[in-house]
Every structure is written in structure tokens, then in C-alpha cells.
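Good morning, everyone. Please take a moment with the sequence and the structure, and then we will go through them together.

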Amino acid sequence: MTDKTAHTGKNTGGGDVRLTGISKAYGSFNAVHPLDLTVPQGSFFALLGASGCGKTTTLRMIAGLEDPTTGTIHLGDTDVTDLPPYKRPVNTVFQSYALFPHMDISENIAFGLRRRGIKSVKKQVDDMLELVQLGDKARHKPHQLSGGQQQRVAVARALINHPQVLLLDEPLGALDLKLRRQMQLELKRIQTEVGITFVHVTHDQEEAMTMADQVAVMNGGRVEQLGAPADLYENPQTTFVANFLGTSNLIEAEVLETGGSDVLVTAGGGKLRVPGDRCTSAVRQGGKVLVGVRPEKISLAHADDAGSIADGRNRVTGRIADSSFIGVSTQYVVNSPAGAELQVYEQNIERDTRLVPGAEVVLHWNPAHTFGLDAAQDIDAGVETVEDAG
Amino acid sequence: MRWLRKNLVVIAGLLTLAYMILPNIVVMVFSFNKPNGRFNYSWQRFSLDAWKDPCGVADMCESLSLSLQLAAWSTVGALVLGTMIAFALVRYRFRARGAINSLIFLPMAMPEVVMAASLLTLFLNMGIELGFWTVLIAHIMFCLSFVVTAVKARVMSMDPRLEEAARDLYAGPVQTFLRVTLPIAAPGIAAGALLAFALSFDDFIITNFNAGSTVTFPMFVWGSAQRGTPVQINVIGTAMFVLAVLMVVAGQIITNRRKKTATA
């Protein structure tokens with residue numbers, strides 16, 4: 001076994017994954033533009049994006065299944081760019097699981113250990129089966145297991161090798177919604193238990209936010225934004241991130257004043273305040289800016305009660321176009337001079353029966369919850385793609 | 001009437017089966033015959049003579065052994081080359097791939113007599129002496145298309161991610177091929193092997209044109225039919241048939257048992 005020397009076998013520590021100027025081109029098509037990315041050791045890291053954004057290609061380059069066109073990949077201090085996949089201390093959970101159909105479950109799980117010349121694998125295989133709660137299925141063939149069970153076998157088969165990094169390529173894509181939720185928690189539990197770096201590729205923004213410590217949102221072969229889930233959600237830097245992660249109301253506005261800590265803008269005849277430090281681009285008087293606010297931050301008041309709204313809040317008047325009751329909350333669509341089809345999510349605590357389609361309303365929110373984006377971008381970037389990817 | 005309607009498919013199936021098996025039964029029955037003259041065409045009386053002395057006819061067992069050797073080597077040759085072609089056609093994009101894909105069917109589509117004659121012309125013009133080697137080359141050639149077709153179907157349905165998974169799990173190229181690729185392609189390769197063996201063993205036309213003075217079993221049967229048909233021919237035929245049936249049954253039992261242990 002020549003690979004035994006190159007492979008460290010155990011997680012020896014000091015192992016951030018460092019991608020430097022990595023890119024991949026197929027002919028004239030650039031799947032991944034040169035990007036730099038550091039995945040901290042022991043973290044749960046998600047690559048999030050719609051299909052075709054380059055996230056899987058990036059993952060496959062870390063695995064060694066794809067040769068980068070430019071750039072280098074480091075695991076800790078080791079340059080693994082030119083190592084073949086079977087010499088990298090990295091294992092993958094494939095989207096289709098790729099379990100070997102001619103082997104039973106325990107043979108599948110033992111595969112990696114055996115290839116590295118380890119003879120007594122029984123105990124480790126049993127422990128691994130225990131970890132993924134499949135102890136009674138050791139002698140079954142993969143096709144006799146349900147999708148969720150196969151998925152757990154795929155995780156066990158990779159984890160048993162104690163890789164420095166575990167790569168997960170949309171591992172939950174083929175499962176139904178309920179099972180997916182369950183497996184999200186399960187994977188998170190396993191990651192916490194073994195402490196191995198997980199790099200998880202997904203198009204499901206909720207999945208990425210639930211599981212990951214750090215999320216890199218990818219679009220068109222580039223990383224749009226990198227950060228903790230809450231940070232990405234609260235402070236999107238681009239319209240793509242604002243729309244792809246959850247829902248955002250983006251209003252085109254003109255800058256009136258830039259003097260104080262807040263920027264004063266005007267949209268559809270009304271005035272709004274945006275905290276200056278939450279504007280991603282330099283704003284100048286008379287220039288354009290996209291004003292953003294999340295639907296759940298907005299409160300809805302009937303026009304008759306407009307007087308009781310506290311001073312200092314951002315206000316937009318409009319008319320309810322549609323409302324849908326979904327249990328914990330009611331989702332309203334409001335048309336206003338400032339922008340069409342603004343989304344508002346109201347908690348169902350004290351429901352105002354006057355808030356029905358056709359009613360005149362005032363939308364109001366704390367200016368601190370407002371963010372400003374560069375108006376030069378496509379305001380709808382990342383909106384449609386969410387549906388496509390599903 | 002209702003019973004008939006219910007069992008019509010079964011009855012039709014059994015009749016078809018009988019249609020297929022009847023010739024084999026005749027061969028079997030006549031292997032126990034004791035003909036009066038040289039020709040084993042009419043039933044006289046039961047005898048085990050031929051079974052007790054299967055090689056009693058001059059040169060017959062030599063031709064049989066030659067045919068078995070030819071079949072074995074043709075199978076090996078066609079299997080190695082055919083499997084490689086099948087993988088190349090499915091896995092790689094290269095110039096003339098489309099042309100090769102259709103040309104591979106040529107030996108199947110071309111009338112055997114034409115193929116036989118053109119092979120003979122080729123061998124004669126190249127000054128190659130006719131015999132075992134020319135027959136072997138010819139057999140490998142026409143078995144190839146069948147092996148390629150059988151293996152290709154299997155490789156096409158294989159998930160290339162399985163090999164990626166193997167490489168990801170520390171298996172180098174050789175290990176990946178031996179542990180993952182080959183076992184998964186095995187049913188296709190086995191089907192190709194069975195076809196190749198059977199086709200090579202009983203080929204007559206191409207062999208007859210290119211054998212020179214070598215005599216294979218089908219050639220022996222044909223030749224002896226002019227002067228009389230020894231009962232031993234039926235014995236060999238019966239033995240081959242029984243062997244083939246046993247192999248199929250054994251294969252079935254093994255797969256069934258595998259399934260059972262897996263579910264247990």
C-alpha cells in the first residue's frame with residue numbers, strides 16, 4: 001500500500017482547508033472563478049448556492065476528483081493540489097450515496113480501512129454502525145435499505161477513516177422533508193461528536209443556516225458573501241444574498257441627506273432612514289440606493305391608526321393585495337407607491353380583523369433594521385433561482 | 001372454459017418451450033439407440049454402447065478437444081479486447097467513437113458466408129497458413145461484437161460515482177478496477193463470455209473456410225454425415241446440453257441463496 005505513507009490516517013490537527021486562487025474552467029466556460037476560501041479546522045462549513053453556481057465543483061476539487069485550472073489547495077501546511085483522491089486525507093459523502101451495490105453494509109464501511117491495509121476492522125465497523133444507529137443492518141445489501149439509512153451508511157463509510165475533512169455533496173437532497181430535518185440534526189450531532197471539519201454543499205438555504213457555523217454563498221462561480229448564518233441574514237451585502245437567504249423587501253430610493261449617522265432617502269414620496277454603517281456602497285446626495293428590510297421586521301397598522309405609530313419609525317403607506325394565514329403568522333403582500341408586492345409577516349398574537357385585501361395600511365419598522373445595497377445590481381438576483389433549485 | 005382463459009399464458013408458454021426443447025430430446029433419445037446401419041436416423045433398440053465408449057469413433061474426440069480449446073481461447077481473447085472496447089466507448093469521448101460504435105455491429109450484421117470468404121481471401125493474400133491460428137483469429141473477431149454489446153449495456157448502467165467513491169476511499173487505480181469496476185461489470189462480462197463460448201464452439205461456416213486441414217467438432221459432424229452418423233455424436237450433443245442446463249441451474253441457485261442470506 002503506497003498510500004499509507006502519504007495518508008496520515010488520523011486527524012493530526014493544525015488543519016484548516018485553504019483554497020488559494022482556485023478556479024476551474026471547462027473549455028471556455030468558467031465553472032469556478034479564482035476564489036480564496038479558508039475553512040477553519042473543526043467547523044461546519046456550508047457552500048450554498050443554486051445549481052450550477054460552482055459549489056459542487058469546488059467540493060470536488062478539494063476531494064481531488066477534479067483538477068483545478070489554477071490555484072492551490074492546502075490542508076493545514078500540506079499542499080494537496082497535485083495529490084490523487086486516494087492519497088488525500090479527505091472523504092466524501094456523495095449525493096447519490098454511491099454505496100457499492102455488490103458489498104454488504106459492513107463491507108462498504110470497511111472499504112477505506114481495508115484499502116489502507118488495516119486488517120482488524122471489525123471493532124471500528126461496529127462502532128461506526130452504532131454511531132449511525134444501523135447495528136442490525138450490517139449484513140444487508142445497500143438496495144435493501146431506505147434512503148435515509150443508505151445516507152447514514154455513506155456518512156459512516158467516510159467517517160470511519162477519520163479524515164481531516166469530510167465533504168458532503170448535497171447529502172440530503174434525495175430525502176423527503178421530514179427525514180431531511182431529522183438528518184440535519186443527526187449530521188450536526190455527529191459533527192459535534194467527532195469534531196472533524198465538515199464542508200457541506202447545499203442549495204437549501206434553510207439547511208445551510210440550520211447546520212453550518214459558516215456559510216459561503218456562491219453565485220455564478222464566485223463567493224458572494226461569507227459569514228455566520230445570522231450575519232448573512234441580517235447584513236446581506238448583495239441583492240443575491242438578500243433574496244436567496246430568506247425573503248427581502250428591496251425598495252429603490254434616492255438619497256436626500258448623508259449628514260448624520262442615518263442616511264435619509266426618499267421612495268414613492270415617503271422618507272426613510274437607513275443607518276449609514278449598514279450601507280454597502282458609498283452613498284452620495286442625489287444618488288440611488290436599494291433600501292432593504294426583512295418581512296418579519298415590519299409591523300402593519302390600519303390607516304385609521306396611523307396616528308398611534310411611534311415617531312422615528314420608517315413608514316410606508318400601501319394597500320393589502322393579498323394575505324395568507326399560515327398558523328404562526330400571517331403573510332401579507334402590500335402594494336405601495338414605494339414598491340410593489342412588499343412582503344410583511346405578522347405574528348398571530350392579536351389579529352386585526354380590518355387587515356384584509358383592499359385595506360389601506362401603514363407599514364412601519366425600526367430604522368435600525370434597514371440595510372442599504374448598491375443600486376447598480378439586479379434587484380431580483382437570487383429570487384427565481386430558489387425555485388429552480390428545489 | 002374459464003380455466004382455459006386463466007391458464008392460456010402458461011399453456012402457450014409450455015408449448016413454446018416444448019417446441020424449443022423437442023430437438024434436444026430427439027438428440028438425447030437417439031444417443032441410446034443401436035442403429036442397424038451407419039446412419040442413426042431410425043429407432044432400433046435401446047443400448048448404452050455409445051455412452052460407454054464416447055471416443056470410439058476415430059478422430060471425433062480430437063476434434064472435440066480442439067473445438068473446446070478454440071472456444072476457450074476465443075472467449076478469453078474476445079473478453080479482454082471486448083471489455084476494453086466497451087469501457088472505452090462508454091467512458092471516453094474520442095474521435096471516431098461514433099463510427100466504432102456502429103462498426104462493432106458489422107460482424108453480426110454481415111452474412112457469415114461473405115465474412116468467411118473475405119477472411120479466407122485476406123489470409124491467403126497475406127500468406128498466412130490456414131489452421132488453428134487463423135480459426136482463432138476469426139472466432140475472436142466475430143465474438144467481439146457480442147461481448148462488446150453485452151458489456152457495454154452493463155457499463156452504461158454503472159454509476160461512475162462508484163469508482164469516484166472507491167478512489168476517494170484510498171483505492172488506487174488498480175484496486176478500484178479490481179474491487180469495484182470489475183465486480184459490478186461482471187454480469188455483463190459473464191453474459192458476453194457465455195455467448196462467445198457458444199458461438200465459437202458451434203461455428204461452422206467461417207471455420208470451414210479458414211481451417212485448412214484442421215478439423216473442429218462441427219466440421220467433423222458435417223464430414224461424417226456424408227458417410228454415416230455415429231451415435232457418439234448424439235452422446236456429445238447430449239452431454240453438452242446437460243452441462244449447459246446444469247450451469248444455468250447452478251447459477252440460479254447461487255443467486256437465490258445470495259438473496260436469501262441477504263434478507264435473513
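Which elements of chain A have the lowest and the highest mean pLDDT? Before I answer, this is a predicted model, in which local features need pLDDT of at least 70 and side-chain atom pairs count only at pLDDT 80 or more, while totals for chains, interfaces and linings use all residues. Residues are numbered from 1 along each chain as its sequence is written, and chains are lettered from A and ligands numbered from 1 in the order in which they are written.

Now, pLDDT is the predictor's confidence in each residue, from 0 to 100, and helices (H or I, at least four residues) and strands (E, at least two) are DSSP runs numbered from the N terminus. Helix 1 of chain A, residues 3-6, has the lowest mean pLDDT, 38, and strand 3 of chain A has the highest, 95. Over residues 1-13 of chain A the pLDDT is below 50, and the same holds over residues 385-390 of chain A. Where pLDDT is low, the predicted coordinates should not be read in detail. Chain A as a whole averages 88, with 95% of the residues scoring at least 70.

Let us turn to the sheet, where two strands pair if DSSP finds at least two bridges between them. Six strands of chain A form an open sheet with mixed pairing, in the order 6-7-8-3-9-10. Strand 6 (90-93) and strand 10 (222-227) of chain A each have a single partner strand, so one side of each is left without a neighbour in the sheet. Strand 3 (residues 44-48) of chain A runs parallel to strand 9 (residues 214-219) of chain A, and 4 bridges join them; Leu48(A) has Val217(A) as its bridge partner in strand 9 of chain A.

How values were computed. Contact = placed C-beta atoms within 7 Å.
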